[in-house]
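Work through the exercises below with the model open. Each task is followed by a stepwise solution.

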Amino acid sequence: LIITGANVVGPELSGQPFWEPLIDVIEWAYDNVTSTLCSCLATHAVLEFRYRQKRTPRPQKTWGVFSHDLVDRDHPLVHDVNTRFDVPHSRLNDVSRTQFDAAGLRVLAESEVGVHLATSADGFRFVFFQGHPEYDTISLLKEYKREVMRYASGAGKEYPPFVDNYFSARNQALLREYRAQLELAASAGRPIPEFPDGLVARGLDNTWRDTAHAVVGNWVGLVYQLTDSSRRKPFMDGVNPED
């Protein structure tokens, strides 16, 4: 099972309309699913509900592509994965390494912006992503454009900063030029100029996809091995799909 994120209103997850149905799914999955992969907000929800570790707001939004280190190189989920790899993040909140440790979870990869990959104590029933390895090359560009358009429409108070470690020097120059055009148009009462999506997209690099494919491929392979008792590996002995 894969549980993805969602847009929320307000800081409290437990006050969101999806909270109770999500808790029902998590409870059902624990008893009926071999392994559940939780992405970003779903990770925060499971940490709060099952482990009593509530996320906290970050001083500023974590927004960019960050280099991560493997801190547990022996887990099969990271078999043949680079010991250092990139992952996109886009979040206002965080569950810290201290909280993961307090919950007895097994951290596999982390960076300057915190834990990205972890598992439940048994090593597999729950798999946690705090970043967004599933992002396409242009996902962060679309988020950046959305925030620029919010500013242009008056919905955003401040012009968004560049996404960390994502835009090349050429792309930053293009985007600075666009900001100047936007502000000139606003002062002259002219329509919002067209955002240079195509020009910027051509200069973007994807430095995380291969690792993301490897981790998810390992996860699917391990589910198969675990549910076929003839192929079970020793590390899986603590995780019985019939429990």
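**Exercise 1.** In which sense do strand 5 and strand 6 pair, and over how many bridges?

*Solution.* This is a predicted model: local features need pLDDT of at least 70, side-chain atom pairs count only at pLDDT 80 or more, and totals for chains, interfaces and linings use all residues. Residues are numbered from 1 along each chain as its sequence is written, and side-chain values use heavy atoms, with hydrogens and water left out.

Step 1. Fix the terms. Strands (E, at least two residues) and helices (H or I, at least four) are DSSP runs, numbered from the N terminus. Two strands pair if DSSP finds at least two bridges between them.

Step 2. Strand 5 pairs with strand 6 (residues 114-119) in the antiparallel sense, over 5 bridges. R106 stands opposite T119 in strand 6.

Step 3. Check the connection. Strands 5 and 6 form a hairpin, with 2 residues between them.

Step 4. Turn to strand 3. Strand 3 and strand 5 run antiparallel and are joined by 3 bridges. The bridge partner of D69 in strand 5 is E110.

**Exercise 2.** Which parts does the salt bridge between D72 and R106 tie together?

*Solution.* Step 1. A salt bridge puts a side-chain nitrogen of Lys or Arg within 4 Å of a carboxyl oxygen of Asp or Glu. The D72 and R106 side chains meet this way at 2.7 Å, N to O.

Step 2. D72 lies in the loop between strand 3 (56-70) and strand 4 (84-94), and R106 lies in strand 5 (residues 106-111), so the pair ties together parts that are 34 residues apart in sequence.

Step 3. Grade the accessibility. Buried means under 20% relative accessible area, exposed over 50%, partly exposed in between (1.4 Å probe, protein chains only). D72 is buried at 14%. R106 is partly exposed at 29%.

**Exercise 3.** How many residues apart in helix 5 are R179 and E183?

*Solution.* Step 1. Their side chains form a salt bridge of 3.0 Å, N to O.

Step 2. R179 and E183 are 4 residues apart in helix 5 (residues 169-188), so about one helical turn separates them.

Step 3. Both ends can be graded. R179 is partly exposed at 35% relative accessibility. E183 is partly exposed too, with a relative accessible area of 34%.

**Exercise 4.** How many salt bridges does the structure hold?

*Solution.* Step 1. The total is 13.

Step 2. Look for a network. Salt bridges link R58, R91 and D94.

Step 3. Add another pair. E147 and R146 meet at 3.1 Å, N to O. R146 is partly exposed, at 42% relative accessibility.
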